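The following exercises concern a single protein chain. Please work through each task with the sequence and the model at hand before reading the solution.

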Amino acid sequence: MSNMAAADLADSAARNLERALMSSGHDRPEGDACPICFDLIELPMGKHSTLHVCCMKRVCDGCILATMQRGLMGCPFCRAPFPSDDASTLAMIKKRVSKGDADAISFLGQKYFYGENGLTKDVPRAIELWTEAAELGSLDAHYRLGHTYHQGHGVEEDKPRGVHHWQQTAVQGHVESRYMLGAVEYDDGNCKLAVQHWMISAKMGDEDSLNEIKDMFKEGHATRAQYANALLGYRDVVEEMKSPQREEAKGLEFKG
């Protein structure tokens with residue numbers, strides 16, 4: 001194959017990938033919904049929910065508060081007792097890992113990456129676990145591998161490989177990966193593509209993406225109509241995620 005033909009194929013593949021990225025992943029994955037009320041959890045999810053290591057289910061603050069108000073103890077989803085220390089927490093995670101739970105494998109990788117719950121920091125082990133979890137379909141694992149390779153955290157920097165991981169999850173509705181793709185395009189000077197990525201993630205409820213579009217509008221890289229469209233989409237989806245229980249939970253320090 002000639003160099004020109006190879007270049008044409010590469011350009012065609014890039015255009016196809018760009019079309020796929022912009023046409024897919026406009027809805028958040030099922031895993032972003034609370035397993036009790038079935039509503040999508042507000043972003044950032046870590047601020048509005050808790051991941052329970054006994055069942056690896058992320059429950060929204062509204063359902064946690066409602067469970068406590070009913071006098072029920074333990075995990076709001078599976079009713080297992082809360083772990084009492086690092087050892088019991090780690091035992092619960094490893095139990096889920098032994099069952100091939102992709103989310104648990106990714107979560108254990110996170111514990112090794114940061115050296116948490118009594119584990120010694122071990123980045124190679126974290127990458128090994130994230131790679132296994134990603135192969136099993138964990139979006140979180142793909143996202144974390146994207147950061148690790150793109151920034152060279154504990155491994156040789158490989159930006160294309162990092163971007164590839166984000167692309168794998170962005171087309172499945174992973175909001176943080178979509179945001180990062182926008183940031184990559186912006187850093188590369190591709191402001192039009194950056195805005196397109198952030199338009200998608202803003203309409204899924206990501207405030208950071210909305211703020212990026214606002215800044216792009218001020219800089220002249222986004223139109224007033226684009227910013228208005230993103231703002232309306234953001235407000236609509238945020239309103240859909242509200243509930244009386246979630247609103248009551250905001251501002252209350254009831255989680256351990």
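**Exercise 1.** Locate Pro-44 and describe the peptide bond that precedes it.

Solution. Step one: Pro-44 belongs to the loop between H1 and H2, where helices are DSSP runs of H or I with at least four residues, strands are runs of E with at least two, and both are numbered from the N terminus. Step two: the bond from Leu-43 to Pro-44 is cis, its omega lying near -10°. Step three: the loop between H1 and H2 also holds Phe-38, a residue other than glycine whose phi is positive, near 70°.

The model is predicted: local features require pLDDT of at least 70 and side-chain atom pairs pLDDT 80 or more, while totals for chains, interfaces and linings use all residues. Residues are numbered from 1 along each chain as its sequence is written, and side-chain values use heavy atoms, without hydrogens and water.

**Exercise 2.** Identify the salt-bridge partner of Glu-42 and state what the pair links.

Solution. Step one: apply the rule, a side-chain nitrogen of Lys or Arg within 4 Å of a carboxyl oxygen of Asp or Glu; the count comes to nine salt bridges. Step two: Glu-42 pairs with Lys-250, with 3.1 Å between the closest N and O atoms. Step three: Glu-42 sits in the loop between helix H1 (3–23) and helix H2 (45–48), and Lys-250 in the segment after helix H13 (244–249), so the pair ties together parts 208 residues apart in sequence.

**Exercise 3.** Characterise the interface of domain 1 and domain 3.

Solution. Step one: an automatic or database assignment gives domain 1 (30–82), domain 2 (84–174) and domain 3 (187–241). Step two: the centres of domain 1 and domain 3, over C-alpha atoms, are 29 Å apart; four residues from each of these domains take part in the contact (heavy atoms within 4.5 Å). Step three: the two domains bury about 380 Å², 66% of it on carbon and sulfur atoms; buried area is the accessible area (1.4 Å probe) lost on putting two parts together, summed over both. Leu-40, Glu-42 and Leu-43 supply 88% of what domain 1 buries against domain 3. Step four: zero salt bridges are found across this interface.

**Exercise 4.** Describe the segment that UniProt annotates as RING-type.

Solution. Step one: the unreviewed UniProt entry places "domain: RING-type" at residues 34–79, in the numbering used here, with feature names shortened; such annotations may be inferred rather than shown by experiment. Step two: residues 34–79 are 28% helix and 17% strand, and their end C-alpha atoms lie 15 Å apart.
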